[in-house]
Every structure is written in C-alpha cells, then in structure tokens.
Amino acid sequence: MTLQSYFIQLTIPANTSQGSPVKTGSNNANSQNSVFITNGTIQYIYPVFPSGSNGLAFVQLLLNGALVFPQSSNAGNYYTANNTPSLQIPVTIGVSGGSSALDLQGYNLDATNAHTISFLVVIDV
C-alpha cells in the first residue's frame, strides 16, 4: 500500500447562498485551484472546519463534478461540522482513467465571517 495525501481548501465568503455556492476551480475571485489526482482509491477524507463556523458553513467534495461526499441527504447533500475541528472519515472511492479533478463546493450562512474549509484526502495508489 502506497498512500498519497492531497490538500484542498475553499474560502467561502459571508452570505453565500446555497443557490449560488462557490467552488474551487471556478473563475471567481474567491476560488482556489482544483486538485488533480490520477489512479487509485480514496481511503480517507479529513474535513477540517474552523472553530467558530458554528454549523453555518456547508461543503461538498466533488470528483469530476460528481458528488462523492457526503453521500447522504444531510442538509441537502452538503456537510457541516458544527465546530468539530477535524474528523477522519473512512471511504472507498475508486479513481481511474487518468487525471481527475477534485473540488470543494460550498455555501456560508454566516452574515459576518468568511470561512475556509480544508480537506485532506488520502489515496492508496
């Protein structure tokens, strides 16, 4: 087993609605770059929310535009962590066919503060 780690983050401005989420890799002032991965299996996802986000920032993890996390109907398929700074989530998601874009997409109901959500993604290559 050879593990590789990828780090991706998204800063979500205050008052970003669910109907107009921000996304990595998009052409807007708040966007960070997509992370590109190749063949392997995603083994773990570590979402990291800032303290003080108070369950007001919501995020999705996308692989080539398809939802991979969360895989439930939690908050309309968005994930929030209610001030839990970091979690380890075991998953098994196969990635094949060459370069694949890993992105975060989210919204923020906080009227005052932007929040930066980070994910560490561990892949067995």
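Biologist: Which residues does Thr16 touch, not counting those up to four places away in sequence?
Modeller: This is a predicted model: local features need pLDDT of at least 70, side-chain atom pairs count only at pLDDT 80 or more, and totals for chains, interfaces and linings use all residues. Residues are numbered from 1 along each chain as its sequence is written, and side-chain values use heavy atoms, leaving out hydrogens and water. Contact means heavy atoms within 4.5 Å. With residues up to four places away in sequence set aside, Thr16 touches Pro21, Val22, Gly106, Tyr107, Asn108 and Leu109.

Biologist: Where in the chain is Thr16 found?
Modeller: Strands are DSSP runs of E, at least two residues, numbered from the N terminus. Thr16 is in the loop between β1 (3-12) and β2 (22-23).

Biologist: Is Thr16 buried or exposed?
Modeller: Buried means under 20% relative accessible area, exposed over 50%, partly exposed in between (1.4 Å probe, protein chains only). Thr16 has 8% relative accessibility, so the residue counts as buried.

Biologist: Which backbone oxygen does the Thr16 side chain reach?
Modeller: The distance is 2.7 Å. The partner is the backbone oxygen of Pro13.

Biologist: Which residues have the most contacts inside the largest nonpolar core?
Modeller: A nonpolar core is a set of buried Ala, Val, Leu, Ile, Met, Phe, Trp, Tyr and Cys residues joined through side-chain atoms within 4.5 Å. The largest one here has 27 residues. The most contacts inside this core belong to Ile37, Ile42, Leu61 and Phe119.

Biologist: Which strands each supply at least two residues of this core?
Modeller: β1 is one of them. The others are β3 (35-37), β4 (40-48), β5 (57-63), β6 (66-69), β7 (89-95), β8 (100-108) and β9 (115-124).

Biologist: What does Ile37 touch, not counting residues up to four places away in sequence?
Modeller: Ile42, also among the core residues with the most contacts, is one of its partners. The others are Tyr6, Leu63, Val95, Gly98, Ser99, Ser100 and Ile123.

Biologist: Which residue in β9 stands opposite Tyr46?
Modeller: Two strands pair if DSSP finds at least two bridges between them. β4 and β9 pair in the antiparallel sense over seven bridges. Opposite Tyr46 in β9 stands Leu120.

Biologist: How many bridges join β4 to β7?
Modeller: These strands run antiparallel. Gly40 stands opposite Val95 in β7. The bridges joining β4 to β7 number five.

Biologist: How many strands does the chain have?
Modeller: The chain has zero helices. Along the sequence the pattern reads β-β-β-β-β-β-β-β-β. The strand count is nine.

Key: Helices (H or I, at least four residues) and strands (E, at least two) are DSSP runs, numbered from the N terminus. A polar contact is a pair of N or O atoms within 3.5 Å; within protein, one must be able to donate a hydrogen and the other to accept it, and residues adjacent in sequence count only if both atoms are side-chain atoms.
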